[in-house]
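Let's take a walk through this one together. Have the model open and rotate it as we go.

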Amino acid sequence: RKRAVRLAKMTGATEEDRIQVALLSILYSRETAEGAARANFIASFQSAPMDGSAPAAEGRTPGSPAPPTAAALRYQQLLDGIFIHMSRNRMADLSRLAVEKAWDSDDETMPREAEETVTQQMLVAVEEALFSELEPLLLADLHSKLDGNLEEDTLESRLHVFRGRDQAFFSVKEEHVSPHGWLVARRLLKEADSARLPSSKLRCLTESVKAIHEEFNTVVVAAQRKRSADAAVLSADDLMPIMTFVVAKAGLERPMLLRDMVWGLCHPSQLRAEAGYTATFFEAALEYLRSMPLDDETREEVRREGPTAARELQQRRRHMAAARRRAARRSVAATDDARSSGATSNSGPGSFAAPPVRQPGLLRRASAMVAAVRRGGPEPDATPSA
C-alpha cells in the first residue's frame, strides 16, 4: 500500500492508469509481437474483400445464436490469439504494476486479485485496439447478414405493437408485477445502443438483468410482504417473462444486431458465467417475441401496423448504412494519411507507428495515444522514416 501511494505521488497516475499505459505501449508499438500482429491484421482485413458468408448452420435450434460471419471469425481468432499471447508472456510484468494488491516481492507467485485485475483490463485493451480500427467493416458485415432478413422484419412488426402492452401480456405473474415497470432495467438495456465495444454492450445486458433482480427484491418483495408473510423468489422461469417485457419495452434500435454483436464479436471468456447466462436469456427473449402465439386481435394489429414498422426499420437501416459509410471513409483516409507520411515504413505493410520511448508524463502519454487511435490517425510523436 505504501508503495502504491509513493508511485501515485511520483507519477500522478492510478494503478489502472499505469497498467493502461503499459498495455497501450505493447499493443500500439511496431516493435512488439502483439503490435505487429495487430497492424498487419488490420491492413489485410481492410484490403481484403468483405466476405459476408457464414459457416453452415446445420442443426441450429431455434433461439440458438446465429453462426458468426467469416469476418467475425477472423476478428475473434486474432482477439483470442493476442490475448492468450499477452496472458502467457506479459502477465507477470503487468501484474507488478498492480501494487495496490498484496504482492510479496520475495515470492514469484502472482496474487490472484492482481492477475484478475490485469486480465480484465488486458482483454478490454486488446478489444479496443482491434475494434477501434475495424468497427466500420465488422458492422457492415453484420448488417449485410441482417438486411432483408425476414426474421428481423417479423420481430420489428411485433415489437411495434408490443411496446404498448402491459406486463400481463407477457405472462408476468401477478405477484411479480412491478409498479415501476422495470424502468431501470429498460434504461440500462437501452444504453447498449450507445455503447461502442461489444463487451460494453454485453455489460449493458448484464446490468439490465441485475436491475431486474434488484427491483424485484426491493420493490416487488416489499409489496408482497405487506400482503402476506411469504415472499416469492424469482426463479429462472419467472425471470424469462420479465426479461421479455423489458426487451420489448426498451426501444432498442436493432435487437438482432445487438444479439449478433454480443455472440459474434465478444471474446469467449466474456461470455462465461453470468454474462453468458444473460446473453442466452436475451437471445431467448428475442426468439419468444418473434414466435410467441398471438390472439386474433393482436395478430390483426400486427398485420395492420406491419407496414409502418417496416418503414421505420428501413429508415434505421439506411441511417446506419450512411453512418457506416462515413466511418469507413474516415478510416480509409486516416490509414492512407498514415502510410503516406511514412509512419509505417519501419514495420512492414500496414503497420502503425508507435510513440517513442520518452515519457512526457504517463497520463498525458496515455490520453494522447488513445485520442490518436480513436481519430484513426497515427499515434502522437511518431517519427516518420526518411
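**A walk through the helices**

Ala-72 has a relative accessibility of just 1%, so this residue counts as buried. You'll find Ala-72 in helix H4, which spans residues 70-89. Who are its neighbours, once we ignore anything within four places in sequence? Ala-72 touches Leu-138, Asp-141, Gly-264 and Leu-265. Cys-266 belongs in this picture too: its C-alpha atom is 9.7 Å from that of Ala-72, although the two residues are 194 positions apart along the chain. Keep in mind throughout that we're looking at a predicted model.

Now zoom out. How many helices and strands does the protein chain have? The count is 14 helices and zero strands, so reading along the sequence gives α-α-α-α-α-α-α-α-α-α-α-α-α-α by the DSSP runs. The chain has 386 residues, and 46% of them are buried. Take the contacts between residues at least 6 apart in sequence: 79% of those link residues at least 24 apart. Ala-72 and Gly-264 make one such contact to look at on screen.

Next, go to helix H9, residues 198-227, and pick out Leu-205. With a relative accessible area of 0%, Leu-205 is buried. Setting aside neighbours within four places in sequence, its contacts are Leu-189, Leu-258, Val-262, Thr-278 and Phe-282. Leu-205 also has its C-alpha atom 7.1 Å from that of Ala-279, with their positions 74 residues apart along the chain.

Follow the contact from Leu-205 to Leu-258, and you arrive in helix H11, residues 255-265. Is Leu-258 buried or exposed? Its relative accessibility is 5%, and buried means under 20%, so Leu-258 counts as buried. Beyond its neighbours within four places in sequence, Leu-258 is in contact with Ala-192, Lys-201, Leu-205, Leu-252 and Phe-282. Phe-282 shows up in the contacts of Leu-205 and in those of Leu-258. From C-alpha to C-alpha, Leu-258 and Phe-282 are 9.7 Å apart, and they're 24 residues apart in sequence.

Phe-282 takes us on to the packing of two helices. Here's the general idea: two packed helices are described by the angle between their axes and the distance between the axes. For helix H10 (residues 236-250) and helix H12 (residues 273-291), the axes come within 9 Å and cross at roughly 65°. Angles of 65 to 115 degrees count as roughly perpendicular, which is why H10 and H12 get that description. The crossing of H10 past H12 is right-handed. Which residues make the contact? H10 brings Ala-236, Leu-239, Met-240, Met-243, Thr-244, Val-247 and Ala-248, while H12 brings Tyr-277, Phe-281, Phe-282, Ala-284, Ala-285, Leu-286, Tyr-288 and Leu-289. Sorted by type, the residues of this contact come out as 14 nonpolar, one polar and no charged.

Stay with H12 and look at Ala-273, which is part of this helix. Most residues other than glycine have a negative phi. Ala-273, though, has a positive phi, near 55°. At 70% relative accessibility, Ala-273 counts as exposed. Glu-274 is also in H12; its relative accessibility is 43%, so Glu-274 counts as partly exposed. Apart from neighbours within four places in sequence, Glu-274 is in contact with Thr-206 and Lys-210. The C-alpha atoms of Glu-274 and Val-209 are separated by 9.7 Å, while the residues are 65 apart along the chain.

For another positive phi, jump to Trp-182, where the value is about 55° and the residue is again not a glycine. Trp-182 sits in the loop between helix H7 (150-162) and helix H8 (183-190). Is Trp-182 buried or exposed? Its relative accessible area is 0%, so Trp-182 is buried.

Our last stop is Thr-298, in helix H13, residues 296-340. Thr-298 counts as buried because its relative accessibility is 3%. Which side chain does the Thr-298 side chain meet in a polar contact? The partner is the side chain of Arg-165, at 3.4 Å. Leaving out neighbours within four places in sequence, Thr-298 is in contact with Val-161, Phe-162, Arg-165 and Phe-169.

Definitions and conventions: Residues are numbered from 1 along each chain as its sequence is written. This is a predicted model: local features need pLDDT of at least 70, side-chain atom pairs count only at pLDDT 80 or more; totals for chains, interfaces and linings use all residues. Side-chain values use heavy atoms; hydrogens and water are left out. Axes are lines fitted to C-alpha atoms, for helices over the stretch in contact, and angles run from 0 to 180 degrees between N-to-C directions. Helices (H or I, at least four residues) and strands (E, at least two) are DSSP runs, numbered from the N terminus. Angles under 35 degrees count as roughly parallel, over 145 as roughly antiparallel, 65 to 115 as roughly perpendicular and the rest as oblique. A crossing is left-handed if the near helix is turned anticlockwise from the far one by less than a right angle, and right-handed if clockwise. Contact means heavy atoms within 4.5 Å. Ala, Val, Leu, Ile, Met, Phe, Trp, Tyr, Cys and Pro count as nonpolar, Asp, Glu, Lys and Arg as charged, and the others, Gly among them, as polar. Buried means under 20% relative accessible area, exposed over 50%, partly exposed in between (1.4 Å probe, protein chains only). A polar contact is a pair of N or O atoms within 3.5 Å; within protein, one must be able to donate a hydrogen and the other to accept it, and residues adjacent in sequence count only if both atoms are side-chain atoms.
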